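Hi there,

Here is the structure I promised to pass on to you. Please open it and keep it in view while you read my notes below.

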Amino acid sequence: MKPARPNSPLRMTAPLFDAAHLARYTGDDPELKAELLALMCEQAERCIGLISSASDHDRWTSALHTLKGAARGVGAFALGEACEAAEDAPQARWPEAAQSVAQAFAETRCCFERD
């Protein structure tokens, strides 16, 4: 299910959060699901901080790759898509790409909280 993205500047095609994916991954255990989503949010905050302060290509791509994997693991496919798009951004576009990733995470976190 793809939640609506009112007033979102993002052009993502993947769903913000696929709860069924996470349910399959966790055996539908609500405590495990909550723990994984909390860990994912902590990881996202760390990675977004690293992305925002990245000064070289290796740090930029490493933080984005880490976040992309964490996002996809819990079913946050649009965030993973935003990270993938940002990985290839030229350095001059990093601020805009970092903002897109941060926005995708903010929207995804709202889906986590509603679920």
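**Starting at the loop: Asp28**

I'll begin with Asp28, which counts as exposed because its relative accessibility is 58%. Asp28 sits in the loop that runs between α1 and α2. Its phi is near 60°, a positive value in a residue other than glycine. For background, most residues other than glycine have a negative phi. Please bear in mind throughout that this is a predicted model.

**The overall layout**

Stepping back, the protein has five helices and zero strands. Read along the sequence, that gives the pattern α-α-α-α-α. The protein has 115 residues, and 41% of them count as buried. If you take the contacts between residues at least 6 apart in sequence, 64% of them join residues at least 24 apart.

**Where α1 meets α2**

On either side of the loop with Asp28 are α1 and α2, and these two helices pack against each other at an angle of about 115°. Their axes are 9 Å apart, and the crossing is right-handed. From α1, the contact is made by Leu22, Tyr25 and Thr26. From α2, Leu32, Lys33, Leu36 and Leu37 take part. Sorted by type, the residues of this contact are five nonpolar, one polar and one charged.

Thr26 is worth a click of its own. This residue of helix α1 counts as buried, because its relative accessibility is 8%. Setting aside neighbours within four places in sequence, Thr26 is in contact with Leu32, Lys33 and Leu36.

**The nonpolar core**

Next, have a look at the inside. The largest nonpolar core has 32 residues, and those that touch the most other members are Met40, Ile51, Trp60, Leu67, Leu79, Val101 and Phe112. Two or more residues of this core come from each of α2, α3, α4 and α5. The largest share, eight residues, is given by α5.

**Helix α4 and its surroundings**

Helix α4 covers residues 77-87, and its buried residues are Ala78, Leu79, Gly80, Ala82, Cys83, Ala86 and Glu87. What lies over them? The cover includes α2, α3 and α5.

Three residues help to show how this part fits together:

- Ala78 is in helix α4 and counts as buried, because its relative accessibility is 0%. Ala78 and Pro15 are 63 residues apart in sequence, yet their C-alpha atoms are 5.5 Å apart in space.
- Thr108 belongs to helix α5, residues 94-114. With 0% relative accessibility, Thr108 counts as buried. Beyond residues up to four places away in sequence, Thr108 touches Leu16, Ala76 and Leu79. Of these, Leu79 is one of the buried residues of α4, and it is also among the core members with the most contacts to other members.
- Lys68 is in helix α3 and counts as buried, because its relative accessibility is 12%. Leaving out neighbours within four places in sequence, Lys68 is in contact with Gly80, Cys83, Glu84 and Glu87. Among these partners, Gly80, Cys83 and Glu87 are buried residues of α4.

Lys68 also leads us to the cysteines. The C-alpha atoms of Lys68 and Cys47 are separated by 9.7 Å, with their positions 21 residues apart along the chain.

**What about the cysteines?**

A disulfide is a covalent bond between the sulfur atoms of two cysteines. How many disulfides does the model have? The count comes to zero. Why does Cys47 not form one? The closest cysteine sulfur to that of Cys47 is in Cys83, and at 7.8 Å it is too far for a bond, because a pair of sulfurs has to be within 2.5 Å to count.

Is Cys47 buried or exposed? Cys47 is buried, with a relative accessible area of 3%. Cys41 is buried as well, because its relative accessibility is 11%. Cys83 appears among the buried residues of α4, and you have already seen it as one of the partners of Lys68.

**Where to look first**

If you have only a few minutes, I would start with the contact of α1 with α2, where the helices pack at about 115°. After that, try the buried side of α4, with α2, α3 and α5 among its cover. Then finish with Cys47 and Cys83, whose sulfurs are 7.8 Å apart.

Happy exploring, and do write back with any questions!

Best wishes

Technical notes. Residues numbered from 1 in each chain as written. Predicted model: local features only at pLDDT ≥ 70, side-chain atom pairs only at ≥ 80, totals over all residues. Heavy atoms only, no water. Buried < 20%, exposed > 50% of the residue type's maximum accessible area, 1.4 Å probe, protein only. Helix = DSSP H or I, 4+ residues; strand = E, 2+ residues; numbered from the N terminus. Contact = heavy atoms within 4.5 Å. Core = buried A, V, L, I, M, F, W, Y, C linked by side-chain atoms within 4.5 Å. Axes fitted to C-alpha atoms, helices over the stretch in contact; angles between N-to-C directions. Left-handed = near helix turned anticlockwise from the far one by under 90°. Nonpolar A, V, L, I, M, F, W, Y, C, P; charged D, E, K, R; others polar.
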